[in-house]
Amino acid sequence: MSGRMREYVMVVGAGAVGVMALGGCAQGSPGAPPTVTKTVTAAPSVVVFNPATSGKALAARIMARAKKNAPKDTVSGVTCANFPNLKVGTHTDCHLTLNGAKVTLRATFTKADGHYVLTRVKA
């Protein structure tokens with residue numbers, strides 16, 4: 001009889017372990033938080049130009065933009081005229097050497113935050 005008693009105890013023991021394992025997955029128990037993926041877009045940068053150095057700052061931005069957008073082109077000697085106040089619709093001319101050729105660009109400001117559009121000035 002002791003052999004049957006052991007089997008009975010083992011079956012009950014296995015059932016108790018199964019109930020305990022299921023109890024760990026109940027809704028009330030803490031689990032890992034869900035994974036959330038969120039894409040964050042940086043706010044546009046506001047450019048503040050100092051009237052005394054505005055041309056130099058704009059020339060540096062044009063040079064950096066050229067290197068980023070057209071790394072195979074050789075851009076050098078970028079200079080821009082200083083502009084005393086930044087208003088929508090105003091512009092300044094910039095001169096540079098692009099792949100050995102002299103080029104004149106016009107930077108026209110389209111927003112009060114310093115956004116500008118470059119257009120090539122025909123000689």
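## A partly exposed loop residue

Asparagine 99 has a relative accessible area of 46% and is therefore classed as partly exposed, since the buried class ends under 20% and the exposed class begins over 50%. This residue belongs to the loop that connects β2 (91-98) with β3 (101-109), in what is a predicted model. The backbone of asparagine 99 has a phi near 50°, which is a positive value in a residue other than glycine. For context, most residues other than glycine have a negative phi.

## Overall composition

The protein contains 2 helices and 4 strands, and along the sequence these elements follow the pattern α-α-β-β-β-β. Of its 123 residues, 17% count as buried, while the exposed surface of the protein comes to about 9600 Å², with carbon and sulfur atoms supplying 62% of that area. Among the contacts with a separation of 6 or more, 33% are accounted for by residues 24 or more positions apart.

## The sheet and the helix across it

The 4 strands form an open sheet in the order β1-β2-β3-β4, with antiparallel pairing. The edges are occupied by β1 (75-80) and β4 (116-120), each of which has a single partner strand, so one side of each is left without a neighbour in the sheet. On average, neighbouring strands of this sheet are turned by 25° against each other, with direction ignored.

The antiparallel strands β3 and β4 are joined by 5 bridges, and leucine 105 stands opposite arginine 120 of β4. Helix α2, which covers residues 54-69, lies across β1, β2, β3 and β4 and runs at about 150° to β1.

## The disulfide between β1 and β2

The structure holds 1 disulfide, which joins cysteine 80 to cysteine 94 with an S to S distance of 2.1 Å. The link of cysteine 80 and cysteine 94 is right-handed, with 110° about the S-S bond. Cysteine 80 lies in strand β1 and cysteine 94 in strand β2, so the pair ties together parts that are 14 residues apart in sequence.

Both ends of this link fall in the buried class: cysteine 80 has a relative accessible area of 13%, and cysteine 94 has a relative accessible area of 0%.

## The nonpolar core

The largest nonpolar core has 15 residues, and those with the most contacts inside it are Leu58, Ile62, Val78, Cys80, Leu96, Phe109 and Tyr116. At least two residues of this core are supplied by each of α2, β1, β2 and β3, and β3 gives the most, with 4 residues. Cys80, which is listed among the residues with the most contacts in the core, is also one of the two partners in the disulfide.

Isoleucine 62 illustrates how these parts meet: once its neighbours within four places in sequence are left aside, isoleucine 62 is in contact with Val78, Cys80, Cys94, Leu96, Tyr116 and Leu118. Those contacts include both cysteines of the disulfide.

## A buried threonine in β2

Which residues does threonine 97 touch, not counting those up to four places away in sequence? They are Thr74, Val75, Ser76 and Lys102. Threonine 97 lies in strand β2, and it counts as buried because its relative accessibility is 18%, which is under the 20% limit for that class.

Key: Residues numbered from 1 in each chain as written. Predicted model: local features only at pLDDT ≥ 70, side-chain atom pairs only at ≥ 80, totals over all residues. Heavy atoms only, no water. Buried < 20%, exposed > 50% of the residue type's maximum accessible area, 1.4 Å probe, protein only. Pairing = 2+ DSSP bridges. Axes fitted to C-alpha atoms, helices over the stretch in contact; angles between N-to-C directions. Contact = heavy atoms within 4.5 Å. Disulfide = S-S within 2.5 Å. Core = buried A, V, L, I, M, F, W, Y, C linked by side-chain atoms within 4.5 Å. Areas by Shrake-Rupley, 256 points an atom, 1.4 Å probe, with all protein chains shown as cover.
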